[in-house]
Amino acid sequence: MAFYAGLHGQQSFPVLSLEPGVVGVAAEGGEGTPSPMLSVVGLTLDNLQPHVTKANEHLPINNLQLQVSLHNGLKAFVVAGPPCTLYGLVSSLRKVKASSGLDQSKIPFSQHKPVFSMHFLVVGVPYHSEHL
């Protein structure tokens with residue numbers, strides 16, 4: 001049964017190729033190879049959802065839009081959508097993310113950049129989402 005569920009998912013979700021440069025930049029950034037699911041750990045839903053909404057504003061209402069598909073904890077979420085659209089979300093989130101090793105101890109707390117991590121899951125289908 002699990003085999004057929006996976007097979008049907010692969011048949012339902014189109015495989016889209018990405019430019020090698022995009023794959024390289026994502027790998028260098030520590031997010032891994034772009035896939036249909038992105039794990040974001042360290043942001044609350046109130047902080048993550050505006051970025052997802054902003055990304056969706058520029059997309060037609062169809063399978064190109066993103067959605068928060070899994071809530072794994074108060075600060076652990078999985079966003080599902082096409083890899084190219086998720087890469088755009090990653091680019092947007094990089095702008096607000098504190099760089100690794102950044103010392104924020106002398107910055108007022110209200111001006112701290114959020115500390116979180118994100119990485120693409122090693123899957124070929126956006127499970128737990130409306131895309132299937």
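**A colleague's note on the strands, core and surface**

1. Let's begin with the strands. E1 and E3 are joined by 5 bridges and run antiparallel. Please keep in mind as you read that this is a predicted model. Leu-38 of E1 gives you a handy place to look, since the bridge partner of Leu-38 in E3 is Val-79.

2. Now turn to E4. Strands E1 and E4 also pair in the antiparallel sense, over 4 bridges. Here the bridge partner of Leu-38 is Phe-120, while Ser-39 has His-119 as its bridge partner. So Leu-38 is a good residue to click on: its bridge partners are Val-79 in E3 and Phe-120 in E4.

3. How many of the 5 residues of E1 are buried? The count is 4, so E1 is largely enclosed by the rest of the structure. For this step you need one cut-off: a residue is called buried when its relative accessible area is under 20%.

4. Strand E4 is a nice example to study face by face. In a regular strand the side chains alternate between the two faces of the sheet. In E4, Met-118 and Phe-120 make up the covered face, and Ser-117 and His-119 make up the uncovered one. Try stepping through these four residues in the viewer and watch which way each side chain points.

5. Next, the nonpolar core. The largest one holds 19 residues, and the members that touch the most other members are Leu-38, Val-40, Leu-48, Val-79, Leu-89 and Leu-93. Two or more residues each come from helix H2 (20–28), strand E1 (37–41), helix H3 (45–57), strand E3 (76–80), helix H4 (83–96) and strand E4 (117–120). Which element gives the most to this core? That is H4, with 5 residues.

6. Val-40 lets you explore the core from one residue. Leaving aside its neighbours within four places in sequence, Val-40 is in contact with Leu-48, Lys-75, Ala-76, Phe-77, Leu-93, Phe-116, Ser-117 and Met-118. Two of these names, Leu-48 and Leu-93, also appear among the core members with the most touches.

7. Here is a point about charge. Side chains of opposite charge can pair when their charged atoms come close. The count for this model comes to 1 salt bridge. The side chains that meet in it belong to Glu-31 and Arg-94, at 2.6 Å from N to O. Glu-31 lies in the loop between H2 and E1 and Arg-94 in helix H4, so the pair ties together parts that are 63 residues apart in sequence.

8. Are the two partners buried or exposed, or somewhere in between? Glu-31 has a relative accessible area of 3%, so it is buried. Arg-94 has 28% relative accessibility, so it counts as partly exposed.

9. Two polar residues are worth a visit. Ser-69 lies in strand E2 (residues 67–73) and is buried, because its relative accessibility is 13%. Beyond its neighbours within four places in sequence, Ser-69 is in contact with Met-37, Val-78, Val-79, Ala-80, Tyr-127, His-128 and Ser-129. Asn-56 is found in helix H3, and at 12% relative accessibility Asn-56 counts as buried too. Not counting residues up to four places away in sequence, Asn-56 touches Gln-65 and Leu-66.

10. Now for the outside. Where is Phe-3 found? It is in helix H1 (residues 2–12). Phe-3 counts as exposed because its relative accessibility is 59%. Together with Tyr-4 and Leu-7, Phe-3 makes a nonpolar surface patch of about 360 Å². The C-alpha atoms of Phe-3 and Val-23 are separated by 28 Å, and these residues are 20 apart along the chain.

11. Last, a loop residue. Pro-60 is found in the loop between H3 and E2. With 42% relative accessibility, Pro-60 counts as partly exposed. Pro-60 and Ala-76 are 16 residues apart along the chain, and their C-alpha atoms are separated by 27 Å.

Terms used:
Residues are numbered from 1 along each chain as its sequence is written. This is a predicted model: local features need pLDDT of at least 70, side-chain atom pairs count only at pLDDT 80 or more; totals for chains, interfaces and linings use all residues. Side-chain values use heavy atoms; hydrogens and water are left out. A nonpolar core is a set of buried Ala, Val, Leu, Ile, Met, Phe, Trp, Tyr and Cys residues joined through side-chain atoms within 4.5 Å. Buried means under 20% relative accessible area, exposed over 50%, partly exposed in between (1.4 Å probe, protein chains only). Contact means heavy atoms within 4.5 Å. Patches are made of residues with over 30% relative accessible area and no salt bridge: like charges are joined within 9 Å, nonpolar side chains (Val, Leu, Ile, Met, Phe, Trp, Tyr) within 5 Å. Accessible areas come from the Shrake-Rupley method with a 1.4 Å probe; for residues, only the protein chains shown count as cover. A salt bridge is a side-chain nitrogen of Lys or Arg within 4 Å of a carboxyl oxygen of Asp or Glu. Two strands pair if DSSP finds at least two bridges between them.
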